[in-house]
Amino acid sequence: VTGAGAAAAAAAAAAAAGIAGTTSCASSNLPAIDSYCAEAKASASEVSEDFEDEIKKKYQAGRFEEKDYHLMEGGLHKSGALRRVQYYYDPEDNSKILCVAELGGNVCGHPGLAHGGILAVLLDDVTGGSCSYNIKKAAFTANLNIDYRRPVPVPCKVLVKANVKKREKRKVFIEASIEDGFGKVYAEAKALYIIPRKEFGSFGGSGFVIDIKPGIKPQ
């Protein structure tokens, strides 16, 4: 693989491996990755329209509750790593949810590129939210298999989609993706959730919350 393909492959490997660095695309002694990072950021800056506007027309917004103990609603949100998280759902279709997340510049592996671990956190939380919305009870992640398609330049705004594909007794199978909101896929995942034998709660540890009080729409 040569040229842009090599740069993309190297950048993906760096992001997944968690190469340490600062939050700028300055210098890493890896010219191919630095070049790809600069190109990715330039490409992202050319998008002026906001994909979230279309989502708001089709879906209702769930609430995001700050919880000190929770990774997303607590530590990552308060540190600025996750500047904003907004979940969306379709009241007529409980098989899927969407999540719009704004990543800060301090979530890097390689400078200027999101660490693969933060993408895994997003996929885990959103697949968990879709599972809870679908089965109306808590479940736990048994397996999360991720394919990283391309590096994610940060800071940025991404769209995370999760769709429950099937349920077999206590097993719930879910597919998910992280995208730029305009069709470019950054990562794809398949998850398996297990419903505990003993009732644990109506909703699990996801940041996805729905107002279920009569007459009150989600904020």
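Colleague: What makes β4 and β7 count as a pair of strands?

Modeller: In this predicted model, 8 bridges join β4 to β7, and the two strands run antiparallel. Since at least two bridges are what the term asks for, the 8 found here meet it, and therefore the strands count as paired. One point of this pairing can be looked up directly, as Asn 143 has Leu 192 in β7 as its bridge partner.

Colleague: Why is β4 called an edge strand, and which other strand shares that label?

Modeller: The 7 strands form an open sheet in the order β1-β2-β3-β5-β6-β7-β4, with antiparallel pairing. The edge strands are β1 (60-61) and β4 (140-148), each of which pairs on one side only. Strands of a sheet pair through backbone hydrogen bonds, in either the parallel or the antiparallel sense.

Colleague: How do you know that β1 is paired with β2?

Modeller: There are 2 bridges between β1 and β2, in the antiparallel sense, and the criterion is at least two, so the pairing is accepted at that limit. Within it, Gln 60 stands opposite Tyr 89 in β2. On to the next strand: β2 is joined to β3 (residues 93-103) by 8 bridges, again antiparallel, with Val 85 having Ala 101 in β3 as its partner. β2 and β3 form a hairpin, with 2 residues between them.

Colleague: Why is β2 described as largely enclosed?

Modeller: The description follows from a count, because 7 of the 9 residues of β2 are buried. Tyr 89 illustrates this, because its relative accessible area is 5% and the limit for buried is under 20%. For the protein as a whole, 46% of the 219 residues count as buried.

Colleague: What makes Tyr 89 and Tyr 133 an aromatic pair, and why is the pair called edge-to-face?

Modeller: Since this pair is one of 2 in the structure, let me start with the other, Phe 51 and Phe 182, whose ring centres are 5.9 Å apart and whose planes make an angle of 90°. The distance lies within the 6.5 Å limit and the angle is over 60 degrees, so the pair is edge-to-face. Phe 51 is in the loop between α2 (31-45) and α3 (52-58) and Phe 182 in the loop between β6 (171-179) and β7 (185-194), which places the partners 131 residues apart. For Tyr 89 and Tyr 133, the values are 5.5 Å centre to centre and 75° between the planes, and these pass the two limits likewise, so this pair is edge-to-face as well. Because Tyr 89 lies in strand β2 (residues 82-90) and Tyr 133 in helix α5 (residues 116-135), the pair ties together parts that are 44 residues apart in sequence.

Colleague: How do you know whether each of these four rings is buried or partly exposed?

Modeller: Tyr 89 and Tyr 133 each have a relative accessible area of 5%, and Phe 51 has 8%; these values are under 20%, so the three residues are buried. Phe 182, at 37%, falls between the 20% and 50% limits and therefore counts as partly exposed.

Colleague: What makes Lys 157 a charge that sits over a ring?

Modeller: Its charged end sits over the ring of Phe 51, 5.7 Å from the centre, and because the limit is 6 Å, the distance part of the criterion is met. Lys 166 gives a further case, lying over the face of Phe 173 at 5.0 Å from the ring centre.

Colleague: How many disulfides are there, and why do Cys 156 and Cys 108 not form one?

Modeller: The structure holds 0 disulfides. The sulfur of Cys 156 is 9.7 Å from its closest cysteine sulfur, that of Cys 108, whereas a disulfide needs the two within 2.5 Å, so they are too far for a bond. Cys 108 and Cys 156 each have 19% relative accessibility, which is under 20%, so both count as buried.

Colleague: Which residues of helix α4 are buried, and what do they pack against?

Modeller: In α4 (residues 71-79), Met 72, Glu 73, Gly 74, Leu 76 and His 77 are buried, and the buried residues of this helix pack against β2 and α5. After α4 comes Gly 80, whose phi is positive, near 90°.

Technical notes
Residues numbered from 1 in each chain as written. Predicted model: local features only at pLDDT ≥ 70, side-chain atom pairs only at ≥ 80, totals over all residues. Heavy atoms only, no water. Buried < 20%, exposed > 50% of the residue type's maximum accessible area, 1.4 Å probe, protein only. Phe/Tyr/Trp six-rings, centres within 6.5 Å; stacked < 30°, edge-to-face > 60°. Helix = DSSP H or I, 4+ residues; strand = E, 2+ residues; numbered from the N terminus. Lys NZ or Arg CZ within 6 Å of the ring centre and 35° of its normal. Contact = heavy atoms within 4.5 Å.
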